[in-house]
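Colleague: I should like to learn how to read contacts, surfaces and burial in a model. May we work through an example together?

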4 protein chains.
Amino acid sequence: MPVERTIPRSARGIRTRAALITAAREVFERDGYLDARMSDISLAAGVAAGSVYTYFDGKEEIFAAVVDQVQEEMLHPRLRERTGITDPRRLIDLANREYLRSYKKNARLMALLEQVAQVDENFRALRLQRSAAFITRNARMIRGLQEAGLADSSLDPELTAHALSAMVSRMAYLAFALEQPMPFERLATTLNQLWANALQLAPAAAS
Amino acid sequence: MPVERTIPRSARGIRTRAALITAAREVFERDGYLDARMSDISLAAGVAAGSVYTYFDGKEEIFAAVVDQVQEEMLHPRLRERTGITDPRRLIDLANREYLRSYKKNARLMALLEQVAQVDENFRALRLQRSAAFITRNARMIRGLQEAGLADSSLDPELTAHALSAMVSRMAYLAFALEQPMPFERLATTLNQLWANALQLAPAAAS
Amino acid sequence: MPVERTIPRSARGIRTRAALITAAREVFERDGYLDARMSDISLAAGVAAGSVYTYFDGKEEIFAAVVDQVQEEMLHPRLRERTGITDPRRLIDLANREYLRSYKKNARLMALLEQVAQVDENFRALRLQRSAAFITRNARMIRGLQEAGLADSSLDPELTAHALSAMVSRMAYLAFALEQPMPFERLATTLNQLWANALQLAPAAAS
Amino acid sequence: MPVERTIPRSARGIRTRAALITAAREVFERDGYLDARMSDISLAAGVAAGSVYTYFDGKEEIFAAVVDQVQEEMLHPRLRERTGITDPRRLIDLANREYLRSYKKNARLMALLEQVAQVDENFRALRLQRSAAFITRNARMIRGLQEAGLADSSLDPELTAHALSAMVSRMAYLAFALEQPMPFERLATTLNQLWANALQLAPAAAS
DNA sequence: TATGAATGAGTGTTCATTCAT
DNA sequence: GATGAATGAACACTCATTCAT
């Protein structure tokens with residue numbers, strides 16, 4: 001799933017390509033993936049119908065380009081290094097809050113992604129692969145805590161990481177994509193507490 | 001979303017309607033909701049194209065009929081009454097195992113349901129509504145345990161029930177619908193332990 | 001276009017057939033010929049779908065039966081013999097008023113007939129044939145008046161009869177079938193005056 | 001009922017659109033509105049099936065475009081200004097002849113229009129509206145003649161205009177659309193004489 | 001690069017009519 | 001006579017993609 005077809009060389013090309021991605025995001029978020037028409041995208045971008053294909057191979061590709069652009073914003077790696085925090089409870093708390101916050105911010109697109117993943121094989125694979133990386137990291141963290149005697153050592157680290165991540169992302173989906181009413185703060189607090197309890201972490205050090 | 005259009009009045013009609021539902025399930029599971037053609041369903045049922053419409057209003061309706069039939073099998077209410085078990089840890093364990101088992105058994109259909117829920121407003125609503133009932137029941141249970149001093153009283157019962165259910169159903173989806181490799185027994189054990197930890201239940205009474 | 005298929009022998013048959021015609025008229029008038037469904041007719045008559053075909057060969061036939069029934073009411077022949085009136089002006093006046101009155105009374109059906117005549121070859125022919133009889137009679141009357149020196153002898157009797165009949169029936173259609181607002185009395189008066197003028201009849205004898 | 005969907009921007013587009021209208025007229029006149037298939041139209045125009053929808057929203061719209069094109073030819077307004085004739089008898093004579101002539105010339109299409117008006121609400125309204133303009137003009141003329149003492153002042157001008165127009169258009173329909181045999185010249189003469197008599201016009205000035 | 005016209009495959013649904021009970 | 005289930009032909013319309021200017 002290469003995102004680019006033609007890398008625009010001219011300034012005009014760069015402008016057009018950017019306009020198309022912006023327009024595509026609008027249209028996709030407004031109409032959903034299946035109901036979005038390529039012609040609406042070109043219309044919204046102010047170009048002719050055929051011009052979309054100058055930059056993207058098709059619907060799937062332009063959607064991928066939209067997603068790509070957003071993914072960058074949503075990656076918050078190396079929380080520990082960034083913040084210097086080491087207390088696992090507070091790290092988890094921070095990570096979950098960052099996740100919920102950016103999910104909320106891009107809720108429409110996340111809903112879209114969920115939709116497309118159900119319809120398009122490639123995106124389903126892409127998503128699995130992305131979350132796999134995330135889960136592996138968490139599993140490593142859990143194993144570390146277990147070895148340090150700080151977490152319930154009877155838990156399978158991989159499955160636990162998977163399950164707790166699934167819990168958080170699914171709740172984010174319900175709250176923000178499906179707009180099931182849930183106060184943000186209470187949601188965050190509850191999820192964090194559930195993580196901490198589930199892992200049997202010791203209470204956070206007094207800050 | 002009424003499921004029936006015509007209720008068959010003759011033995012032949014009952015047979016035909018049943019054949020259609022069976023055929024529809026096969027075709028939907030084979031091709032997915034969007035790619036399934038009504039003509040394939042009638043073909044598989046051995047009836048004329050138009051005959052599907054004798055009993056169902058359209059694609060959506062016959063899919064609903066398929067789902068309906070499966071939902072009945074999947075409902076396992078009143079576990080406590082059925083089994084006489086009262087220990088919360090064992091009740092949770094049993095409920096989760098039953099859920100995972102029947103999810104696995106109907107994995108293709110559950111995947112389908114997930115797909116359709118992303119595409120069809122009505123089914124999305126239907127699913128939310130169904131899980132709401134389930135969650136309410138769990139929330140009540142949690143509140144009961146909190147009041148008895150048997151569970152972490154700092155947790156929001158509603159959100160907790162929601163989150164833990166989401167965790168289980170999402171893992172079932174990943175394991176059985178998406179066929180991510182996970183040993184059944186370890187999955188069940190881990191999820192149960194996570195529930196127990198999350199709620200801070202006392203260890204199960206020795207049986 | 002034979003109207004009957006089976007002449008019912010049993011009392012029950014007679015009842016069913018009559019119920020079907022009544023139901024058919026309702027449905028046709030409500031939905032129009034093209035949009036009326038045979039199943040709606042059987043439903044309205046309280047019989048099974050197939051039963052319509054016990055008495056009628058199809059949609060066309062049952063419509064013919066409905067029309068037939070109404071045509072009987074609408075025939076007002078032998079006005080002169082019935083009333084004893086001989087003054088042509090008063091005869092024309094009476095004939096036109098009777099026509100307008102019964103058109104108004106059966107307006108929905110007349111509209112229907114107009115519709116079906118546009119769609120079905122057979123009904124178009126039927127209508128032409130029926131009006132031909134009527135026009136011939138009028139032409140004969142006109143010729144009589146011309147020979148008696150009572151009407152403009154430069155007029156072609158056939159075409160005149162045709163044209164004046166067309167004028168009246170078309171106005172009836174506009175007023176009653178299409179419900180273009182027109183006061184009944186003024187319409188009748190105007191049409192009669194136009195007939196009289198057109199034929200150059202002497203003023204009516206003082207009554 | 002806007003006629004255009006896309007206005008062609010290229011020469012090729014203009015050609016295609018025109019070819020479609022020509023083809024549509026052929027097909028409609030050959031098969032009637034209801035039996036005409038969109039695929040036959042595209043076939044006759046030598047374009048792909050979908051191309052009809054580049055320029056027209058559907059069957060109704062392309063029919064409207066056909067009608068539109070013909071209506072232009074059929075409008076003959078401002079007869080008095082065009083010819084300089086003022087004698088009412090001769091003006092009426094001319095107007096009727098022009099009407100009959102162009103009706104005859106476009107007989108198939110007029111028959112079609114009659115059919116569609118019975119089937120499609122929008123076209124029915126369109127026709128009523130068009131003839132309303134025509135009738136209003138005639139009513140004004142009649143009132144003028146009455147005020148000048150040149151026409152029977154006991155007639156209702158509106159209804160008279162309506163009725164006499166209806167007479168002419170209905171006869172044109174019978175003669176040319178339904179092909180009831182009638183010599184053109186005698187039809188024209190008779191209708192004119194009926195108009196003149198009906199209005200009680202003085203004999204035409206010797207020419 | 002951009003245009004915009006042309007392509008054409010693909011299918012859910014209706015309903016008059018038939019016919020086995 | 002009545003039933004009601006089954007039939008199956010028939011067709012307008014959409015839209016992603018291509019390609020000649």
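Modeller: We shall take chain contacts, then the DNA surface, then a single residue. This is a predicted model, in which local features need pLDDT of at least 70 and side-chain atom pairs count only at pLDDT 80 or more, while totals for chains, interfaces and linings use all residues. Residues are numbered from 1 along each chain as its sequence is written, and chains are lettered from A and ligands numbered from 1 in the order in which they are written.

Colleague: How many residues of chain D are in contact with chain C?

Modeller: Two residues are in contact if their C-beta atoms, placed from the backbone, lie within 7 Å. Here, 28 residues of chain D are in contact with 28 residues of chain C. On the side of chain D that touches chain C, the elements giving two or more residues are α7 (107–119), α9 (157–177) and α10 (184–199) of chain D. Helices are DSSP runs (H or I, at least four residues), numbered from the N terminus. The most comes from α9(D), with nine residues.

Colleague: Which residues come nearest to DNA strand F?

Modeller: A residue is near a strand if its C-beta atom, placed from the backbone, lies within 6 Å of it. Of the 42 residues around DNA strand F, A:G58, B:T16, B:G50, C:G50 and D:G50 come nearest.

Colleague: Is A:N138 buried or exposed?

Modeller: A residue is buried if 20 or more other C-beta atoms lie within 10 Å of its own, exposed if 12 or fewer, and partly exposed in between, with C-beta atoms placed from the backbone. A:N138 counts as buried because 20 other C-beta atoms lie within 10 Å. A:N138 belongs to helix α8 (residues 121–147) of chain A.
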